[in-house]
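Here is a short tour of a structure, written to be read with the viewer open. Please load the sequence and the coordinates, and follow along.

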Amino acid sequence: MTKISKNSTVDSTNTNSALSTTEKVSLSLKKRHRKEKRFKRIGLFSVLFGFLLVVTLIGDITSKALPAFHQHWVKLEVNYQASWLNIDESTAQSLSAKQMKTANYRNVLKKSLYQMFPEVSGRKDKRQLAKLFSSNAEFTLKDNLIAAPLLFDKQTQIWVRLDDDVDSYLKEEFPLGEAGLRISQKQAQWVAQLIASERIESRFNFSFFTASDSREPELAGIKGALMGTILTMFVTLLLSFPLGVAGALYLEEFAPKNRFTDFIEININNLAAVPSIVFGLLGLAVIINLFGLPRSAPLVGGIVLTLMTLPTIIIASRAAIKAVPPSIREAALGLGASKMQVTFSHVLPQAMPGIITGAIIGVAQALGETAPLLMIGMVAFIVDVPTSIVDSATVLPVQIFLWADSPERAFLAKTSAAILVLLSLLMVINLSATMLRSKFEKK
Amino acid sequence: MNAITSAKQEQVNVTTKASLSQIELTETVGNIYADDAKMSIRNANVYYGDKQAIDNISLDLAKNQVTALIGPSGCGKSTFLRCLNRMNDTIDICKITGQFTLDDEDIYAKSLDPVLLRARVGMVFQKPNPFPKSIYENVAYGARIHGLINNKAELDEIVETSLQKAGLFNEVKDRLNDPGTGLSGGQQQRLCIARTIAVSPEVILMDEPASALDPIATAIIEELIDELKEKYTIAIVTHSMQQAARVSQHTAYFHMGKLVEMGKTEDIFTRPSHKLTENYITGRFG
């Protein structure tokens with residue numbers, strides 16, 4: 001044998017050209033290295049491109065969202081005159097709560113404004129002047145008096161919100177008469193007066209995080225949608241995680257491999273590809289109309305999103321369960337562990353990191369889902385912050401959709417700010433998932 | 001060159017085939033019976049789908065002795081071993097016929113739960129497969145799931161004695177809470193043995209327990225097997241004929257799903273009765 005191979009080596013060197021193996025390899029080596037370099041460059045380019053896209057997106061949204069985080073307030077000289085309040089002066093000594101609640105604050109506001117701007121006359125001008133301030137201003141006056149009844153019949157200074165058009169005008173500093181600007185020459189003059197007398201101040205917009213939706217952009221906040229999202233995701237996770245994991249464990253560990261389970265597998269994969277609006281229709285037809293669950297509720301939204309999330313979780317969990325080395329199962333079986341014990345004390349903990357990743361992908365998908373929720377009425381204009389899963393609610397993506405559709409200029413910033421909140425929520429979820437994952441992996 | 005080599009190989013193959021076809025596989029030669037049998041297997045057949053992996057094998061495992069199952073790759077010795085604690089139950093297409101008894105009790109009886117059987121017939125696998133848990137938990141797991149203990153002190157006791165029996169205690173006593181997967185290969189395998197004996201089985205099946213280990217670790221495992229036979233009946237599948245000769249009292253030679261020869265180890269290795277056995281143990285093929 002040795003002899004034969006020696007001969008054949010000699011043969012092969014003779015038949016080929018004078019190049020030795022080393023030379024041939026080094027020739028092709030150059031080409032191989034070139035290929036590798038080229039591939040590396042392409043890879044680096046695609047990574048950079050993706051990164052650039054994300055940075056552009058976030059940068060653009062952030063720059064657009066920034067105006068939404070502060071708001072202009074104006075200091076008004078308010079006179080709580082009894083006659084303006086429409087309260088009888090004789091009862092002024094013992095002001096009842098009901099009197100304070102039902103008093104005419106709109107009149108107080110108007111009269112106080114006319115006092116501050118004595119030159120304004122004529123109904124049209126007066127109306128324009130009143131429009132400079134948020135429709136919420138009279139309620140600010142009311143709250144103020146109720147909090148401090150001693151101010152009754154006295155002059156005081158009160159901060160109220162400016163109207164959103166004025167707010168946008170101040171933030172964006174458009175030249176006057178710019179198309180689309182909803183503020184007149186005269187109004188601009190009054191605003192300039194207010195600025196000159198240092199009555200206007202920009203403050204951080206806390207109400208964006210503490211208020212619910214409103215028709216008035218200066219009053220609209222994210223809290224209602226945020227709570228709706230949290231409640232909906234809570235229901236989704238509560239339903240889809242145990243169901244998905246149980247389904248995956250059954251299919252992988254317990255179910256016999258036959259045509260029926262093949263059929264189920266195909267259908268789970270199909271389910272993952274069903275357009276989400278179809279699930280919305282199903283929710284409307286079955287969950288609301290047939291089972292009579294409340295419309296617009298996070299409970300129904302959560303159930304619909306569960307249908308959407310479930311296949312994602314099942315597919316990811318099955319992959320994670322499959323990846324658990326069979327030697328671990330055999331070891332436990334060999335010790336006399338029952339199937340159940342093998343599954344829950346060995347397979348499941350090992351597969352947990354993968355299962356969690358799948359669940360997070362599913363929930364992240366559900367978090368951004370709008371279409372199915374439109375069908376079940378979560379698109380309604382809801383002013384109250386939902387407190388339970390059967391209250392009417394909306395969710396962040398739907399809120400974004402609603403605000404993006406609104407004509408007021410100030411909603412542009414609100415929309416971007418809501419997108420930022422949604423993205424931050426997503427990041428928080430991903431971060432917690434990564435932490436959970438590493439915790440399970442350490443075990 | 002290629003042509004020449006393959007021609008040469010073909011020639012080798014031809015001789016092997018020829019020598020095999022000359023020898024008929026008929027009845028098992030030697031002595032399959034043991035005076036004091038812990039397990040008895042009669043007329044065992046195993047099919048994977050249409051393929052027959054075990055063909056009519058009968059043998060006894062002698063109590064408190066080591067029986068080595070040897071033979072070339074794919075001869076069915078691992079399959080046979082896995083039938084002894086019903087590990088093949090987990091394979092859907094696997095069909096088993098024949099009589100398997102443990103202390104004259106049919107282990108494939110419908111009334112017998114495989115979980116109970118596996119508590120009595122433990123298994124050590126080819127590749128060390130500790131659970132990804134602490135050393136303590138690895139050993140404690142079996143005792144815990146079977147409810148063999150009433151309190152922590154008893155569990156500590158079982159863990160310690162099992163690790164001692166497996167000759168691992170002194171090496172790991174200071175780091176019982178470290179992960180079992182962090183041990184060396186030989187230590188992991190001894191941990192797996194400790195884990196198996198913590199359940200106090202009557203029979204231990206070992207599927208090439210030392211094939212993934214270096215010679216020193218192998219020597220330690222072999223010594224351990226020799227000690228363990230005082231308390232347990234052991235069946236060991238091995239590729240190494242030296243190992244079979246060193247640790248076992250009985251040897252069964254498997255060939256293509258059949259039991260060719262069985263007998264006392266010293267007889268098999270000094271005076272094999274069957275031509276195939278002789279070829280195998282003299283290294284002619286396998």
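## A helix pair in chain A

This is a predicted model. A good place to begin is where helix H12 (residues 259–272) of chain A meets helix H14 (residues 298–322) of chain A: their axes come within 8 Å and cross at roughly 125 degrees. Angles from 115 to 145 degrees fall outside the parallel, perpendicular and antiparallel classes, and H12(A) and H14(A) are therefore oblique to each other. The crossing of H12(A) over H14(A) is left-handed.

Which residues bring H12(A) and H14(A) together? From H12(A) come Ile268(A), Leu271(A) and Ala272(A), and they meet Pro311(A), Thr312(A), Ile314(A) and Ile315(A) of H14(A). Sorted by class, this contact has six nonpolar residues, one polar residue and no charged ones.

## Domains of chain A

Stepping back to the whole chain, the domain assignment splits chain A into domain 1 (70–204) and domain 2 (223–442). If you take the centres over C-alpha atoms, domain 1 of chain A and domain 2 of chain A are separated by 48 Å.

## Where chain A touches chain B

Now for the partner chain. The contact draws 21 residues from chain A and 24 residues from chain B. On the chain A side, the elements that give two or more residues are helix H1 (2–15), helix H15 (326–334) and helix H16 (339–367) of chain A.

Which element gives the most to this side of chain A? That is H15(A), with six residues. By class, the side of chain A that touches chain B holds eight nonpolar, ten polar and three charged residues.

Methods. Residues numbered from 1 in each chain as written. Chains lettered and ligands numbered in written order. Predicted model: local features only at pLDDT ≥ 70, side-chain atom pairs only at ≥ 80, totals over all residues. Contact = placed C-beta atoms within 7 Å. Helix = DSSP H or I, 4+ residues; strand = E, 2+ residues; numbered from the N terminus. Nonpolar A, V, L, I, M, F, W, Y, C, P; charged D, E, K, R; others polar. Axes fitted to C-alpha atoms, helices over the stretch in contact; angles between N-to-C directions. Parallel < 35°, antiparallel > 145°, perpendicular 65-115°, else oblique. Left-handed = near helix turned anticlockwise from the far one by under 90°. Domains from an automatic or database assignment.
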